[in-house]
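Reader: I'd like a close look at one part of this model rather than a tour of everything. Could you pick a spot and work outward from there?

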Amino acid sequence: MIDWHIVCDFDGTITRTDVIDSILQRFADPSWEAIENEWLAGDIGSRECLSRQLALVKATPAELLGFFDTVEIDPDFPDFVDHVIGLGASFEVVSDGIEQGIARILARHYVSLLPILANRLRQVDHQRWRIDFPHASDACRAASGNCKCKSTPSAQRVLVIGDGQSDMCVAATADFVFAKDRLAEHCERNGIPHARFDSFAELPALLALLPNASAANATSFNTETFNAETQELFHHV
Ligand SMILES: [Mg+2]
């Protein structure tokens, strides 16, 4: 799969739980749930949702790091990454979650060197935070914090691996999707080529389903911003 680029979601895909939801449950004023419902209803994008929700969090850096160190990942994820990189694919974790948390959680599970494209926490005072969106796009159809379409290269065939609402836009432009949960239902309803999965242990066998000869289905990607984005890809190496 030397010409394939893999865009892999983090929360609910590599992990079983959603890291930001768990942070909000532990450390935020309960009004975060009303904001979540606005996002789920499609009234606001995740960029506005996350900005408002993270402003409700009161946690010290030690408390956040302590929480990140409790998050488990799919135990077969590290071997899958080694497998597909060994086959020549490129692989990025592209998430509407928190970059620092993802980096910490993956490193604890011996997954390193993967580019991570996600939102960034910035400390406001000793227990207050805001969230920045280095991969947002004003043109994003979903008004997401991280516009996954913008971050996806157009010169390679694209495999999306994901589970939910933040993956739906980029799944529509991918060449193939490995989908869990709500993303699988979305692909089913919209005729998007996909295979349903529950665990990364299933994925090496599912690679045989990937189409061989189609050209990259990426005409809607923003190629002007792609070059700028690629400059940041290896900042976690
Ligand atoms: Mg997800």
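Author: Let's start with one pair: the bridge partner of Leu 159 in strand 6 is Phe 176. Before going on, some ground rules. This is a predicted model, so local features need pLDDT of at least 70 and side-chain atom pairs count only at pLDDT 80 or more, while totals for chains, interfaces and linings use all residues. Residues are numbered from 1 along each chain as its sequence is written. Helices (H or I, at least four residues) and strands (E, at least two) are DSSP runs, numbered from the N terminus.

Back to the pair. Strand 5 (residues 157-162) and strand 6 (residues 176-179) run parallel, joined by four bridges; two strands pair if DSSP finds at least two bridges between them. From strand 5 the chain goes through helix 7 (residues 168-173) to reach strand 6, in a right-handed β-α-β crossover. Right-handed here means that, with the strands pointing away from the viewer, the path from the first strand over the helix to the second runs clockwise.

On the other pairing, strand 6 meets strand 7 (residues 194-196) over three bridges, again in the parallel sense, with Phe 178 opposite Ala 195. Strand 6, helix 8 (residues 181-190) and strand 7 form a right-handed β-α-β unit.

What about the side chains of strand 6? Phe 176 and Phe 178 point one way, Val 177 and Ala 179 the other, and all are buried. A residue is buried if 20 or more other C-beta atoms lie within 10 Å of its own, exposed if 12 or fewer, and partly exposed in between, with C-beta atoms placed from the backbone.

Helix 6 (99-108) makes a good second stop. Its buried residues are Glu 99, Gly 101, Ile 102, Ile 105 and Leu 106. They line one face of the helix because, seen down the axis, they fall within an arc of 160°; that arc is taken over the directions from the helix axis to the C-beta atoms. An α-helix has 3.6 residues a turn, so residues three or four places apart point the same way. The cover over these buried residues includes helix 1 (19-27), helix 4 (61-68), strand 2 (90-98) and strand 3.

Just after helix 6, Tyr 110 takes a positive phi of about 65°, although Tyr 110 is not a glycine. Most residues other than glycine have a negative phi. Tyr 110 is in the loop between helix 6 and strand 3 (116-125), and is exposed, with 7 other C-beta atoms within 10 Å. Leu 113, in that loop too, has a positive phi near 70° and counts as exposed with 11 C-beta neighbours inside 10 Å.

Follow the chain into strand 3 and you get to Val 124, exposed with 12 C-beta neighbours inside 10 Å. Leaving out residues up to four places away in sequence, Val 124 touches Trp 129 and Arg 130; contact means C-beta atoms, placed from the backbone, within 7 Å.

Now zoom out. The chain has ten helices and seven strands, and 38% of its 237 residues are buried. The average pLDDT (the predictor's confidence in each residue, from 0 to 100) is 88, and 89% of the residues score at least 70. Over residues 214-237, though, the pLDDT is below 50. Where pLDDT is low, the predicted coordinates should not be read in detail.

Conventions
Two residues are in contact if their C-beta atoms, placed from the backbone, lie within 7 Å.
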